[in-house]
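Please prepare a guided tour of the structure below, for a reader who has it open in a viewer. At each stop, indicate what to select and what is found there.

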Amino acid sequence: MAAAAATASRAWRLLRGSGAFHGRAAIQRLWDPPAQRRLFSNNKILVELDENTGVAVMKMKSPPVNSQTLEFLTEFSISLEKLENDRAYRGLILTSATPKIFSAGLDITEMCGKSEEHYAEFWRAVQEMWLKLYMSRLVTIAAINGSSPAGGCLMAVSCDYRIMAENPKYGIGLNETRLGIVAPFWFKDTMINTIGHRATEQALQMGLLYPAPQALSIGIVDQLVPEEKVQDVAAAAMTQWLAIPDHARLITKSAMRKPTVDRLLTHREADIQNFVSFISRDSIQKSLQVYLEMLKGKKG
Ligand code: CO8
């Protein structure tokens, strides 16, 4: 009995892992063992796994604002790699465990008053996060349940599909110029690939953070839904994406995205050097300090 169940379960996993099995809902009910829900977690990232659907939900959990420190980025990349290597999983929903905030972007304190070695290590981790997410073999859906400036926006636009809470208080965009810094070419390219050249030019020069309704009209996000429905709608969208055969979807994704990724891979070390020399400038350090003080002063 146990052996038969194990064989059925293995067969199901093989079919599911091949990505060539569709229209499976009815059969899934007959074959599947009871829902297998597991999770793994580190300090900043929690991943909930559903073996039956092949979907993982990754929750950023670094309060107060999910700012992306070196530790956060490292844990993010490790968690994503773990999922990439597990053929039982075909889809990833990226969201936040912190109410009202998706991610505040790169942690500014990582770019202030540190050594050049630290800046280089930090930037490599930012690159790694993007490379892994942008070219993930998984269907990636961002369930944007709060504000998502700068590096938070980069994460969202690196996914295949975006669903955002319709709250106009939540903003999303690449606002780097507002901090006196410049979004690197691969942030820019990812945005161009999402909303087009003209809209990106304006968005980036002005450092615009779009409230959710405008984000939808400009195309940064694909769908707005009431806050309490974000996760359910993301799961429903995932079902539609997973109905497409993986091999065909992946070849298409690669054709669309590889040229953008190759540009960074070809210039990766130069990009790190550029970041280090730019961020180490006194004038840039001053701008970032002023911005941080402004953030802290908001409360007073
Ligand atoms: N990094 C570090 N600390 C931050 C960050 C951040 N990105 N964002 C917020 N914090 C801190 C605040 O200073 C505050 O600290 P404290 O409690 O000690 O005063 C705490 O987090 C809570 O912040 P708020 O009180 O502002 O929280 P709110 O819920 O009111 O607002 C927001 C949340 C909307 C996310 C708001 O905090 C905000 O706008 N943050 C700034 C977001 C931002 O501008 N990020 C840009 C980062 S740069 C980036 O991602 C790409 C850089 C590319 C580099 C290119 C260089 C060449």
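Select asparagine 66 first: this residue is buried, with a relative accessible area of 0%. The model is a predicted one, and the values given on this tour are computed from it. Asparagine 66 sits in the loop that runs between E3 and H3. Its backbone deserves inspection, since phi is near 50°, a positive value in a residue that is not glycine. Most residues other than glycine have a negative phi, and most peptide bonds are trans.

Remain in this loop and select proline 63 together with proline 64. The peptide bond joining the two prolines is cis, with omega at about 10°. Proline 64 is placed in the loop between strand E3, residues 55-60, and H3.

Now follow the chain into helix H3, which spans residues 70-84, and select glutamate 75 within it. Which side chain of opposite charge is nearest to glutamate 75? It is that of lysine 61, 6.6 Å away. A salt bridge requires a side-chain nitrogen of Lys or Arg within 4 Å of a carboxyl oxygen of Asp or Glu. Glutamate 75 accordingly has no salt bridge, although the residue is buried.

What does the side chain of glutamate 75 reach at 2.6 Å? The partner is the backbone nitrogen of lysine 44. To see the surroundings, display Asn42, Asn43, Lys44 and Ile45: glutamate 75 touches these four residues, leaving aside those up to four places away in sequence.

Next, move to alanine 150, another stop where the backbone is of interest. Alanine 150 has a positive phi of about 45°, although the residue is not a glycine. Its place is in the loop between strand E7, residues 146-149, and helix H5, residues 151-158. Is alanine 150 buried or exposed? With a relative accessibility of 12%, alanine 150 counts as buried.

Finally, zoom out to view the whole protein, coloured by secondary structure. The protein has 12 helices and 11 strands. Of its 300 residues, 51% are buried. Switch to a surface representation: the protein exposes about 14200 Å², and carbon and sulfur atoms supply 59% of that area. A contact map offers a last view. Among contacts between residues at least 6 apart in sequence, 73% join residues at least 24 apart.

How values were computed. Residues numbered from 1 in each chain as written. Predicted model: local features only at pLDDT ≥ 70, side-chain atom pairs only at ≥ 80, totals over all residues. Heavy atoms only, no water. Helix = DSSP H or I, 4+ residues; strand = E, 2+ residues; numbered from the N terminus. Buried < 20%, exposed > 50% of the residue type's maximum accessible area, 1.4 Å probe, protein only. Lys, Arg positive; Asp, Glu negative; His and termini not counted. Polar contact = N/O pair within 3.5 Å; in protein donor to acceptor, adjacent residues only side chain to side chain. Contact = heavy atoms within 4.5 Å. Areas by Shrake-Rupley, 256 points an atom, 1.4 Å probe, with all protein chains shown as cover.
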